[in-house]
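This briefing is for a reader at the bench who wants the main structural points in one place. Please look over the sequence and the model before going on.

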Amino acid sequence: HVNMHHYAPLVSLACAIARIPIVVHVRNMIGRPVARDFRNYDGVICISQAVYESLITEGRVPDREISKRLWIIPDGRDLSPFRTANRERVRREWGIGPAVPLVGMAARICPMKGQDTFVRMAALVKQRIPDARFVLVGSSFGKEGEAYLDGLHELVAALGLDNDVIFAGYRQDMPDVLAAMDCFAHPSRRGAFVSVLIEAMA
(Lines give C-alpha, C1' and ligand atoms only; values in the text may rest on other atoms or scores of the structure.)
Protein backbone atom coordinates (compact mmCIF):
# COMPACT_ATOMS: atom_id res chain seq x y z
CA HIS A 1 0.00 0.00 0.00
CA VAL A 2 1.41 3.38 -1.07
CA ASN A 3 -0.16 6.23 0.89
CA MET A 4 0.71 8.98 -1.63
CA HIS A 5 0.50 8.39 -5.36
CA HIS A 6 3.58 10.57 -6.05
CA TYR A 7 5.84 7.76 -4.81
CA ALA A 8 3.96 4.90 -6.45
CA PRO A 9 5.94 4.64 -9.73
CA LEU A 10 9.15 3.87 -7.83
CA VAL A 11 7.44 1.47 -5.43
CA SER A 12 5.66 -0.31 -8.28
CA LEU A 13 9.01 -1.31 -9.75
CA ALA A 14 10.00 -2.99 -6.50
CA CYS A 15 6.59 -4.67 -6.27
CA ALA A 16 6.91 -5.97 -9.81
CA ILE A 17 10.31 -7.49 -9.06
CA ALA A 18 9.03 -9.06 -5.82
CA ARG A 19 5.70 -10.04 -7.45
CA ILE A 20 3.72 -8.23 -4.75
CA PRO A 21 0.42 -6.47 -5.59
CA ILE A 22 0.42 -2.70 -5.16
CA VAL A 23 -2.49 -0.54 -3.96
CA VAL A 24 -2.12 3.23 -4.38
CA HIS A 25 -3.89 5.86 -2.30
CA VAL A 26 -4.66 9.06 -4.23
CA ARG A 27 -5.05 11.96 -1.78
CA ASN A 28 -4.48 14.92 -4.10
CA MET A 29 -6.05 16.30 -7.22
CA ILE A 30 -4.35 15.04 -10.37
CA GLY A 31 -2.98 17.81 -12.57
CA ARG A 32 -1.11 15.94 -15.30
CA PRO A 33 -1.41 12.77 -17.40
CA VAL A 34 -0.67 9.67 -15.29
CA ALA A 35 -2.33 6.87 -17.28
CA ARG A 36 0.96 5.13 -18.00
CA ASP A 37 1.77 4.77 -14.30
CA PHE A 38 -1.71 3.79 -13.16
CA ARG A 39 -1.88 0.86 -15.58
CA ASN A 40 0.66 -0.87 -13.32
CA TYR A 41 -1.34 -0.61 -10.10
CA ASP A 42 -3.48 -3.49 -8.85
CA GLY A 43 -5.76 -1.25 -6.81
CA VAL A 44 -6.44 2.47 -6.54
CA ILE A 45 -8.16 4.30 -3.67
CA CYS A 46 -9.38 7.86 -4.19
CA ILE A 47 -10.36 9.87 -1.13
CA SER A 48 -13.21 11.71 -2.88
CA GLN A 49 -15.32 11.87 -6.01
CA ALA A 50 -13.43 15.02 -7.00
CA VAL A 51 -10.09 13.20 -6.88
CA TYR A 52 -11.54 10.36 -8.94
CA GLU A 53 -12.84 12.76 -11.57
CA SER A 54 -9.47 14.53 -11.77
CA LEU A 55 -7.81 11.15 -12.27
CA ILE A 56 -10.08 10.48 -15.27
CA THR A 57 -9.99 13.98 -16.79
CA GLU A 58 -6.63 15.60 -15.97
CA GLY A 59 -4.87 12.29 -15.40
CA ARG A 60 -6.33 10.84 -18.61
CA VAL A 61 -6.84 7.44 -17.04
CA PRO A 62 -9.61 5.68 -19.01
CA ASP A 63 -12.56 4.93 -16.73
CA ARG A 64 -13.23 1.59 -18.43
CA GLU A 65 -9.63 0.60 -17.75
CA ILE A 66 -9.56 1.34 -14.03
CA SER A 67 -13.16 1.10 -12.78
CA LYS A 68 -12.91 -2.54 -11.63
CA ARG A 69 -9.88 -1.85 -9.46
CA LEU A 70 -10.76 1.57 -8.09
CA TRP A 71 -12.58 2.47 -4.87
CA ILE A 72 -13.65 5.83 -3.44
CA ILE A 73 -13.05 5.74 0.32
CA PRO A 74 -13.31 9.10 2.15
CA ASP A 75 -10.95 9.70 5.05
CA GLY A 76 -12.45 8.98 8.46
CA ARG A 77 -12.74 11.64 11.14
CA ASP A 78 -13.41 11.45 14.89
CA LEU A 79 -15.85 14.34 15.34
CA SER A 80 -16.56 13.87 19.05
CA PRO A 81 -14.13 16.65 20.16
CA PHE A 82 -15.97 19.10 17.92
CA ARG A 83 -19.31 18.43 19.63
CA THR A 84 -18.05 19.44 23.07
CA ALA A 85 -15.93 22.43 22.08
CA ASN A 86 -15.47 25.59 24.16
CA ARG A 87 -16.71 28.51 22.07
CA GLU A 88 -16.41 31.16 24.75
CA ARG A 89 -12.73 30.58 25.56
CA VAL A 90 -11.50 31.40 22.06
CA ARG A 91 -13.80 34.39 21.72
CA ARG A 92 -12.43 35.84 24.94
CA GLU A 93 -8.90 35.31 23.66
CA TRP A 94 -9.73 37.24 20.49
CA GLY A 95 -11.65 39.96 22.32
CA ILE A 96 -14.94 39.13 20.61
CA GLY A 97 -18.20 39.35 22.54
CA PRO A 98 -20.68 36.46 22.61
CA ALA A 99 -23.16 38.25 20.33
CA VAL A 100 -20.71 39.58 17.73
CA PRO A 101 -21.04 37.79 14.35
CA LEU A 102 -17.80 35.98 13.52
CA VAL A 103 -16.97 34.59 10.09
CA GLY A 104 -13.89 32.41 9.78
CA MET A 105 -11.70 30.38 7.52
CA ALA A 106 -9.08 27.75 8.39
CA ALA A 107 -6.49 26.60 5.87
CA ARG A 108 -2.85 26.79 4.94
CA ILE A 109 -2.09 30.35 3.82
CA CYS A 110 -1.49 30.06 0.08
CA PRO A 111 -3.06 31.37 -3.15
CA MET A 112 -4.83 28.08 -3.88
CA LYS A 113 -6.84 28.29 -0.65
CA GLY A 114 -8.27 31.69 -1.58
CA GLN A 115 -7.76 33.81 1.52
CA ASP A 116 -7.71 36.87 -0.74
CA THR A 117 -11.26 36.04 -1.81
CA PHE A 118 -12.21 35.70 1.86
CA VAL A 119 -10.85 39.18 2.64
CA ARG A 120 -12.75 40.74 -0.26
CA MET A 121 -15.87 38.93 0.91
CA ALA A 122 -15.31 40.36 4.38
CA ALA A 123 -15.41 43.89 2.98
CA LEU A 124 -18.77 43.18 1.33
CA VAL A 125 -20.23 41.58 4.45
CA LYS A 126 -19.02 44.52 6.53
CA GLN A 127 -21.17 46.86 4.44
CA ARG A 128 -24.32 44.97 5.42
CA ILE A 129 -23.33 43.80 8.91
CA PRO A 130 -21.13 46.56 10.39
CA ASP A 131 -20.34 44.75 13.65
CA ALA A 132 -19.16 41.53 11.97
CA ARG A 133 -15.62 40.28 12.62
CA PHE A 134 -13.49 37.89 10.60
CA VAL A 135 -10.70 35.44 11.37
CA LEU A 136 -8.13 33.69 9.20
CA VAL A 137 -6.67 30.58 10.83
CA GLY A 138 -3.56 28.98 9.38
CA SER A 139 0.11 29.58 8.67
CA SER A 140 2.15 30.04 5.52
CA PHE A 141 5.05 27.94 4.21
CA GLY A 142 7.96 28.95 2.04
CA LYS A 143 8.68 32.17 0.20
CA GLU A 144 5.52 32.03 -1.88
CA GLY A 145 3.37 31.59 1.20
CA GLU A 146 5.10 34.39 3.08
CA ALA A 147 4.70 36.75 0.11
CA TYR A 148 1.03 35.85 -0.14
CA LEU A 149 0.54 36.46 3.59
CA ASP A 150 2.18 39.88 3.28
CA GLY A 151 -0.19 40.63 0.41
CA LEU A 152 -3.17 39.66 2.55
CA HIS A 153 -2.12 42.10 5.26
CA GLU A 154 -1.82 44.81 2.61
CA LEU A 155 -5.24 43.94 1.20
CA VAL A 156 -6.83 44.10 4.65
CA ALA A 157 -5.32 47.55 5.19
CA ALA A 158 -6.38 48.76 1.75
CA LEU A 159 -9.98 47.71 2.42
CA GLY A 160 -10.01 49.40 5.83
CA LEU A 161 -10.41 46.12 7.73
CA ASP A 162 -7.46 46.38 10.11
CA ASN A 163 -9.71 46.27 13.16
CA ASP A 164 -12.01 43.62 11.76
CA VAL A 165 -9.79 40.79 10.47
CA ILE A 166 -7.81 38.59 12.87
CA PHE A 167 -4.80 36.61 11.63
CA ALA A 168 -4.84 33.76 14.14
CA GLY A 169 -1.94 31.71 12.76
CA TYR A 170 -1.54 27.99 13.33
CA ARG A 171 -3.82 26.52 16.00
CA GLN A 172 -3.89 23.16 17.77
CA ASP A 173 -7.31 23.75 19.35
CA MET A 174 -9.41 23.54 16.19
CA PRO A 175 -12.58 22.22 17.87
CA ASP A 176 -12.75 25.37 20.01
CA VAL A 177 -11.67 27.61 17.13
CA LEU A 178 -14.40 26.31 14.81
CA ALA A 179 -17.00 26.49 17.58
CA ALA A 180 -16.17 30.18 18.06
CA MET A 181 -17.27 30.93 14.49
CA ASP A 182 -20.86 31.68 13.54
CA CYS A 183 -20.16 31.11 9.87
CA PHE A 184 -17.38 29.11 8.22
CA ALA A 185 -16.20 29.95 4.69
CA HIS A 186 -13.88 28.01 2.43
CA PRO A 187 -13.25 29.79 -0.90
CA SER A 188 -10.53 27.35 -2.01
CA ARG A 189 -9.85 27.31 -5.73
CA ARG A 190 -9.53 23.52 -5.67
CA GLY A 191 -9.48 20.73 -3.14
CA ALA A 192 -9.24 16.95 -2.90
CA PHE A 193 -10.98 16.20 0.39
CA VAL A 194 -11.44 19.24 2.60
CA SER A 195 -11.39 17.80 6.11
CA VAL A 196 -12.04 21.14 7.79
CA LEU A 197 -15.43 21.43 6.07
CA ILE A 198 -16.53 18.20 7.73
CA GLU A 199 -15.15 19.36 11.06
CA ALA A 200 -16.89 22.74 10.72
CA MET A 201 -20.23 21.00 10.18
CA ALA A 202 -19.85 18.71 13.20
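The notes below cover the two sheets, the cores, one aspartate and two arginines with unusual backbone angles.

The model is predicted. One open sheet has 4 strands in the order S6-S5-S4-S7, and another has 3 strands in the order S1-S2-S3. Pairing is parallel in the 4-stranded sheet and parallel in the 3-stranded sheet.

**The sheet of 4 strands**

- The strand order is S6-S5-S4-S7, and the sheet is open.
- S6 and strand S7 (183–184) are the edge strands; each has a single partner strand, so one side of each has no neighbour in the sheet.
- Strand S4 (residues 102–106) pairs with S5 in the parallel sense, through 5 bridges.
- Within that pairing, Gly 104 is placed opposite Val 135 of S5.
- S5 also runs parallel to strand S6 (residues 165–169), and 4 bridges join the two.
- Val 137 faces Gly 169 of S6 across the pairing, and Leu 136 has Phe 167 of S6 as its bridge partner.
- As general background, strands in a sheet pair through backbone hydrogen bonds, in either the parallel or the antiparallel sense.

**Strand S5 and the helices beside it in sequence**

- Strand S5 covers residues 133–137, and 5 of its 5 residues are buried.
- Neither face of S5 is left uncovered: Arg 133, Val 135 and Val 137 are buried on one side, and Phe 134 and Leu 136 are buried on the other.
- Helix H6 (residues 115–128) forms a right-handed β-α-β unit with S4 and S5.
- Helix H7 (residues 142–158) belongs to a right-handed β-α-β unit as well, here with S5 and S6.

**Asp 164**

- Asp 164 sits in the loop between H7 and S6.
- Its relative accessible area is 11%, under the 20% limit, so Asp 164 counts as buried.
- The side chain of Asp 164 makes a polar contact of 2.8 Å with the side chain of Lys 126.
- Beyond its neighbours within four places in sequence, Asp 164 contacts Lys 126, Ala 132, Arg 133 and Phe 134.

**The sheet of 3 strands**

- The order here is S1-S2-S3, in an open sheet with parallel pairing.
- Strand S1 (23–26) and strand S3 (70–72) form the edges; each has a single partner strand, so one side of each is without a neighbour in the sheet.
- From one strand to the next, the twist averages 20 degrees.
- S1 and strand S2 (residues 43–46) run parallel and are joined by 4 bridges.
- In this pairing Val 26 is opposite Cys 46 of S2.

**Nonpolar cores**

- The largest nonpolar core has 21 residues, of which Phe 38, Val 44, Cys 46 and Leu 55 touch the most other members.
- Two or more residues come from each of these elements: helix H1 (8–18), S1, helix H2 (35–38), S2 and helix H3 (49–57).
- H3 contributes the most to this core, with 3 residues.
- Leaving out residues up to four places away in sequence, Cys 46 touches Val 26, Val 51, Tyr 52, Leu 55, Leu 70, Trp 71, Ile 72 and Ile 73.
- A separate core has 19 residues, including Ala 123, Leu 136, Val 156 and Leu 161.
- In soluble globular proteins, nonpolar side chains tend to be buried together.

**Two arginines with positive phi**

- Most residues other than glycine have a negative phi.
- Arg 19 has a phi near 60 degrees, which is positive although the residue is not glycine.
- Arg 19 is located in the loop between H1 and S1, and its relative accessible area of 77% is over the 50% limit, so Arg 19 counts as exposed.
- Arg 60 likewise has a positive phi, near 60 degrees.
- Arg 60 lies in the loop between H3 and helix H4 (63–66), and with 58% relative accessibility, over the 50% limit, Arg 60 is therefore exposed.

Terms used:
Residues are numbered from 1 along each chain as its sequence is written. This is a predicted model: local features need pLDDT of at least 70, side-chain atom pairs count only at pLDDT 80 or more; totals for chains, interfaces and linings use all residues. Side-chain values use heavy atoms; hydrogens and water are left out. Buried means under 20% relative accessible area, exposed over 50%, partly exposed in between (1.4 Å probe, protein chains only). Two strands pair if DSSP finds at least two bridges between them. A crossover is right-handed if, with the strands pointing away from the viewer, the path from the first strand over the helix to the second runs clockwise. A polar contact is a pair of N or O atoms within 3.5 Å; within protein, one must be able to donate a hydrogen and the other to accept it, and residues adjacent in sequence count only if both atoms are side-chain atoms. Contact means heavy atoms within 4.5 Å. Axes are lines fitted to C-alpha atoms, for helices over the stretch in contact, and angles run from 0 to 180 degrees between N-to-C directions. A nonpolar core is a set of buried Ala, Val, Leu, Ile, Met, Phe, Trp, Tyr and Cys residues joined through side-chain atoms within 4.5 Å.
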